[in-house]
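Trainee: Could you take one loop in this model and go over it closely, then work outwards so I can see what surrounds it? Keep it casual, but tell me where each thing sits.

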Amino acid sequence: MVSIKNSRELRGMKEACVISARALQLAGEAIQPGVTTGEVDRVVRKYIESQGATPSFLGYGGFPASACISVNDEVIHGIPGKRVIHAGDIVSVDVGAYYNGFHGDNAYTFAAGEISPEAQALLDATRESLYEGIRAAAAGNRIGDIGAAVQRYVEVRGYSVVRQYVGHGVGTNLHEDPSVPNFGTPGRGPRLLPGMTIAIEPMINAGTCEVDTQRDGWTVTTRDGKWSAHFEHTIAITADGPVILTLP
């Protein structure tokens, strides 16, 4: 069932989203060549807990960390640990914060030092596809309009959309209805109504859209070993247009 939030609930969503957004920003500042993914995760957890919030991902389904940190060909759900970040890597960080009964959820792919033009182009296209999807998230439109906007933007540039994992509603639960695919047909799917809060999160691959889950049961990688990028915002559908909640 799709949850429609009232003005009080949207204010609560905003508070959780701001904490999540600031934690993501701090993670980006911590990403440097020579730093481990575990060190970045500790930055995220320390900040979220300092705000009286709880990391949404810690223990979720058994996930052992506060942030999903995925490097290069890792698409999502990378487990932070001893892996050292090297110059030229791209590092996707997905962060959620639970505060006063609501979750905020966002992600960004950061460059570690100077990256190749090909990697930068992938990041640029994925980030812009997120905003294409957000622009399509107008009240009265449908979920398919969001996915179609993302898909159209990246596929004409030679990239592929991961299909096994999608965006989602977010609120009192981290994952709520509706599912928000990054592909679709305009005019199809559930209608977008004021008060809905959804996470739009393109996961875009430089090569094939096919992915595999690794032996740890969490880390998802591209099947062909080419790199992947991931950007995400939690937004509110309003009568005046979509509003990004995950801004620090």
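Mentor: Strands here are DSSP runs of E at least two residues long, and helices are H or I runs of at least four, both numbered from the N terminus. Keep in mind that we're looking at a predicted model.

Let's start with G187, which sits in the loop between β8 and β9 (197–200). Is G187 buried or exposed, or something in between? Its relative accessible area is 42%, and since the partly exposed class runs between 20% and 50%, G187 counts as partly exposed. Now see what G187 touches: setting aside neighbours within four places in sequence, it is in contact with R142 and D145. A148 is worth finding too, as its C-alpha lies 9.4 Å from that of G187, with the two positions 39 residues apart in sequence.

Next, step back into β8 itself. P178 is part of that strand, and the peptide bond leading from D177 into P178 is cis, with omega near 0°. That's one to check by eye, because most peptide bonds are trans.

E176 belongs to β8 as well, which spans residues 176–180, and E176 has a partner far back in the sequence. Its side chain meets that of K5 in a salt bridge, 3.3 Å from N to O. K5 lies in the segment before α1 (7–30), so to speak at the other end of a 171-residue separation, and the pair links distant parts of the chain. Which side of the burial cut-off are the two partners on? K5 has 7% relative accessibility and E176 has 12%; buried means under 20%, so both K5 and E176 count as buried.

That bridge has company: a search of the whole structure turns up 10 salt bridges. As a reminder, side chains of opposite charge can pair when their charged atoms come close. Take E210 and R223, whose side chains meet at 3.9 Å, N to O. E210 is in the loop between β10 (203–205) and β11 (211–213), while R223 is in the loop between β12 (220–222) and β13 (228–230), so this bridge ties together parts 13 residues apart in sequence. Unlike the buried K5, E210 is partly exposed at 31%, and R223 is partly exposed at 48%.

A mixed case comes from E74 and R83, with their closest N and O atoms 2.9 Å apart. Here E74 is buried, at 14% relative accessible area, whereas R83 is partly exposed at 36%. There's also a network of salt bridges that links E128, E132 and R135.

While you're around E74, have a look at the backbone. N72 is in the loop between β2 (67–71) and β3 (74–76), and it has a phi near 60°, a positive value in a residue that isn't glycine. H77 is in the loop between β3 and β4 (90–99), and its phi is near 65°, again positive in a residue other than glycine. Those two catch the eye because most residues other than glycine have a negative phi. They sit in different accessibility classes: N72 is buried at 8%, and H77 is partly exposed at 23%.

Finally, zoom out to the chain as a whole. It has 4 helices and 15 strands. The radius of gyration is 17 Å, close to the 18 Å the globule rule gives for 248 residues, so the chain is as compact as a globular protein of that length. Along the principal axes, the C-alpha atoms fill a box of roughly 45 × 45 × 30 Å. Buried residues account for 53% of the 248. If you take contacts between residues at least 6 apart in sequence, 70% of them join residues at least 24 apart, and the K5–E176 salt bridge, spanning 171 residues, is a long-distance link you've already met.

As for the surface, the chain exposes about 10300 Å², with carbon and sulfur atoms supplying 50% of that area. On the charge side, you have 21 positive and 27 negative side chains, and the centres of the two sets lie 3 Å apart.

Terms used:
Residues are numbered from 1 along each chain as its sequence is written. This is a predicted model: local features need pLDDT of at least 70, side-chain atom pairs count only at pLDDT 80 or more; totals for chains, interfaces and linings use all residues. Side-chain values use heavy atoms; hydrogens and water are left out. A salt bridge is a side-chain nitrogen of Lys or Arg within 4 Å of a carboxyl oxygen of Asp or Glu. Buried means under 20% relative accessible area, exposed over 50%, partly exposed in between (1.4 Å probe, protein chains only). The radius of gyration is taken over C-alpha atoms; the globule rule is 2.2 Å times the number of residues to the power 0.38. Contact means heavy atoms within 4.5 Å. Accessible areas come from the Shrake-Rupley method with a 1.4 Å probe; for residues, only the protein chains shown count as cover. Lys and Arg count as positive and Asp and Glu as negative; His and the chain ends are not counted. The place of a charge is taken as NZ of Lys, CZ of Arg, CG of Asp or CD of Glu.
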